[in-house]
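Visitor: I would like a close look at one part of this model, namely how its helices are held against their surroundings by side-chain pairs and packing. Could you walk me through that part in one go?

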Amino acid sequence: MGTEQITAAQIRKLHVTAREYGIDSDLLHEHIFRIVRKDSIKLLTREEAAKVIDSLEGRQGAGEETMTQKQRWYILSLAKKLGWTDEAGKVDEKRLNGMCVKYAKTSCWKWLSRSSASGVIEALKNMSTNIKAAEKD
């Protein structure tokens with residue numbers, strides 16, 4: 001792993017990206033610790049900072065055993081199928097994140113591991129099935 005200190009630009013990028021996704025400082029530090037096992041932004045190396053930024057932006061391979069692109073797509077499609085969308089038709093990420101807290105103990109759906117993503121997918125599928133059954137009654 002590289003040993004060069006995090007740059008000022010990377011620090012700004014971390015904060016801007018976190019703010020864009022509605023992530024407060026405590027949650028950002030929790031996420032950093034989850035990804036690189038460090039509790040301070042200033043202690044990150046350039047490589048670690050890049051890994052954290054990638055994970056915040058939902059890029060594949062950013063964290064340990066991250067969900068697959070297929071799982072990511074399936075979760076979004078199930079959320080849309082359940083009607084968890086805003087006026088523009090985008091998935092309501094707050095609602096999806098709430099589900100992930102409940103079922104996967106993860107505060108952001110983009111941070112799901114493969115196994116956690118499978119659990120969330122099953123829960124979403126069950127919800128969809130239950131709604132269909134209720135509509136038939």
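Guide: Happily; what follows goes from the whole chain to the packing of two helices and then to the charged pairs.

This is a predicted model, in which local features need pLDDT of at least 70 and side-chain atom pairs count only at pLDDT 80 or more, while totals for chains, interfaces and linings use all residues. Residues are numbered from 1 along each chain as its sequence is written, and side-chain values use heavy atoms, with hydrogens and water left out.

Let us begin with the overall frame. The protein chain has 6 helices and 0 strands; helices (H or I, at least four residues) and strands (E, at least two) are DSSP runs, numbered from the N terminus. The C-alpha trace spans about 60 × 30 × 20 Å along its principal axes. Of the 137 residues, 38% are buried, where buried means under 20% relative accessible area, exposed over 50%, and partly exposed in between (1.4 Å probe, protein chains only). Among contacts (heavy atoms within 4.5 Å) between residues at least 6 apart in sequence, 59% join residues at least 24 apart.

Now to the packing of α1 and α3. Two packed helices are described by the angle between their axes and the distance between the axes. Here the angle is about 20° and the axes lie 10 Å apart; axes are lines fitted to C-alpha atoms, for helices over the stretch in contact, and angles run from 0 to 180 degrees between N-to-C directions. The two helices are therefore roughly parallel to each other, a label for angles under 35 degrees, with over 145 counting as roughly antiparallel, 65 to 115 as roughly perpendicular and the rest as oblique. On the α1 side, Gln-10, Lys-13, Leu-14 and Thr-17 take part, and they meet Arg-46, Ala-49, Ala-50, Val-52, Ile-53 and Leu-56 of α3. These residues divide into 6 nonpolar, 2 polar and 2 charged (Ala, Val, Leu, Ile, Met, Phe, Trp, Tyr, Cys and Pro count as nonpolar, Asp, Glu, Lys and Arg as charged, and the others, Gly among them, as polar).

Also in α1 is His-15, partly exposed at a relative accessible area of 35%. Leaving aside its neighbours within four places in sequence, His-15 is in contact with Leu-28 and Ile-41.

Arg-46 brings us to the charged pairs. Side chains of opposite charge can pair when their charged atoms come close. The structure holds 3 salt bridges, each a side-chain nitrogen of Lys or Arg within 4 Å of a carboxyl oxygen of Asp or Glu. In one of them, Arg-46 meets Glu-4 at 2.8 Å, N to O. Arg-46 lies in helix α3 and Glu-4 in the segment before α1, so this pair ties together parts that are 42 residues apart in sequence. Arg-46 is partly exposed, at 39% relative accessibility.

Helix α3 has a part in another bridge: Lys-38 pairs with Glu-48, their closest N and O atoms being 2.8 Å apart. Lys-38 sits in the loop between α2 and α3, and Glu-48, 10 residues away, in helix α3. Lys-38 is partly exposed at 23%, whereas Glu-48 is buried at 6%.

The remaining bridge joins Lys-125 and Glu-122, at 3.1 Å from N to O. Both belong to helix α6 and, being 3 residues apart, are separated by about one helical turn. Lys-125 is partly exposed at 30%, and Glu-122 is partly exposed at 40%.
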